[in-house]
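Got your viewer open? Let's take a walk through this structure, one selection at a time.

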Amino acid sequence: FSGFCQAVATEKLGTRCYAVDTWGGDAQAGYYGDNVYDELAPYIEATYGGFARLLRMTFDEALGQFEDGSIDLLHIDGLHSYEAVRHDFDTWKCKLSPRGVVLFHDTCVLDRGFGVHRLWSELRMQHPGFEFRHSHGLGVLLVGSDVAPALSEFIELATEDPEPIQALFERTSLAGLTDKAIAYQRRFASLAYDEDVGFDCELFLDRGKGFNENEKLISPL
């Protein structure tokens, strides 16, 4: 969310940004206390408070905060089961403007009950889009009837020859990451164009509350 906000600030766009979350975690990401929200909220207010706002509620509770046809860019990154992400897309679709674009996180995660990849495959039969496959995957879906021509042209060109675009964006993103962040990517995500990346075996522990990113054993192969 901070990345989106920084782009708005840098480009001096007349854009409003909203982050909707309970900041309490879930069965897939794990559960946590108030420390995440308590650290993020004052930072967002101090740095981007002129146009950004955190809405601490569920996605369904936030629906009434937005008029139909008012959202240009919607990033769906909640509970990642097929049923949950399908529900989020279906309920928020009416909020999209004619320029509407939807981003789906974790399109390349195929285990732990993640179903974003399944919904992404279905929606790509109905709308143009492009999938960045590094770092768990990010799907860019052009849903609106009047998407910006430059974006439509980019998606069309990228789809025709995806590998150079994939490599360009992945390597560019890695160039701006800290060593700690790159190490995380090597452990938990894909680095398709990083020749030095190795393989890790991950064992997830289920203590009756679902899988938790903080409850796993990692062993290099």
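Here is a tour of a predicted model, going from a sheet to its packing, then to rings and a few odd spots.

**Stop 1: the sheet**

Start by selecting strands E5, E6, E8 and E7. They make an open sheet of four strands in exactly that order, and the pairing is mixed. Which strands stand at the edges? Strand E5 (71–76) and E7 do; each has a single partner strand, so one side of each has no neighbour in the sheet. Look along the sheet and you can follow the twist, which averages 15° from one strand to the next.

**Stop 2: the hairpin at one edge**

Now zoom in on E7 (residues 129–132) and E8 (residues 138–142). These two run antiparallel and are joined by four bridges. Pick out two of the partners: Phe130 is bridged to Val140 in E8, and Phe132 is bridged to Leu138. Together the strands form a hairpin with five residues between them. Click on Ser135 in that turn, and you have a residue with a positive phi of about 55°.

Next, show the side chains of E7. In a regular strand, side chains alternate between the two faces of the sheet. Are the two faces of E7 covered or open? Both are covered: Gly129 and Glu131 are buried on one side, and Phe130 and Phe132 are buried on the other.

Keep Phe130 and Phe132 selected and add Phe154 and Phe169. Ring pairs link these four into a cluster.

**Stop 3: a helix on the sheet**

Bring up helix H6 (residues 149–160). What does H6 touch in the sheet? Helix H6 packs on it by touching E6, E7 and E8, and its direction makes about 60° with that of E7.

**Stop 4: the cores**

Time to look inside. In soluble globular proteins, nonpolar side chains tend to be buried together. The largest nonpolar core here has 22 residues, and the members that touch the most others are Phe89, Val102 and Phe104. E5, helix H4 (82–92), E6 and H5 each supply at least two residues of this core.

Select Phe89 and show what surrounds it. Leaving out residues up to four places away in sequence, Phe89 touches Ile76, Val102, Phe104, Leu119, Leu123, Leu141 and Val143. There is also a second, separate core of eleven residues, with Val8, Ala19, Trp23 and Ile44 among them.

Now take H4 by itself. Its buried residues are Tyr82, Ala84, Val85, Asp88, Phe89 and Trp92. What do they pack against? Helix H3 (59–62), E5, E6, H5 and E8.

**Stop 5: rings and charges**

Tyr82 from H4 has a visitor: the charged end of Arg118 sits over its ring, 3.6 Å from the centre. For another case, select Tyr37 and Arg56. Arg56 lies over the face of Tyr37, 4.4 Å from the ring centre.

Rings meet other rings too, and the structure holds ten aromatic pairs. One of them joins Tyr43 and Tyr48, which sit edge-to-face, 6.1 Å centre to centre with 80° between the planes. Which of these two is buried, and which is partly exposed? Tyr48 is buried, because its relative accessibility is 3%. Tyr43 has a relative accessible area of 40%, so this residue counts as partly exposed.

**Stop 6: Arg53 and a distant partner**

Jump to strand E4 (residues 52–56) and click on Arg53. Arg53 counts as partly exposed because its relative accessibility is 43%. Measure from its C-alpha to that of Ala19: the two are 34 residues apart in sequence but 6.5 Å apart in space. Ala19 is also one of the residues that Arg53 touches, along with Phe1, Cys17, Tyr18 and Gln65, when residues up to four places away in sequence are not counted.

**Stop 7: two residues with positive phi**

Finish with a pair of loop residues. Lys12 is in the loop between helix H1 (2–11) and strand E1 (17–21). Its phi is near 55°, a positive value in a residue other than glycine. With 73% relative accessibility, Lys12 counts as exposed.

Asp106 is in the loop between strand E6 (96–105) and helix H5 (116–123). Asp106 is not a glycine either, yet has a positive phi of about 70°. Is Asp106 buried or exposed? Asp106 counts as buried, because its relative accessibility is 7%.

Conventions
Residues numbered from 1 in each chain as written. Heavy atoms only, no water. Phe/Tyr/Trp six-rings, centres within 6.5 Å; stacked < 30°, edge-to-face > 60°. Buried < 20%, exposed > 50% of the residue type's maximum accessible area, 1.4 Å probe, protein only. Lys NZ or Arg CZ within 6 Å of the ring centre and 35° of its normal. Contact = heavy atoms within 4.5 Å. Pairing = 2+ DSSP bridges. Axes fitted to C-alpha atoms, helices over the stretch in contact; angles between N-to-C directions. Core = buried A, V, L, I, M, F, W, Y, C linked by side-chain atoms within 4.5 Å.
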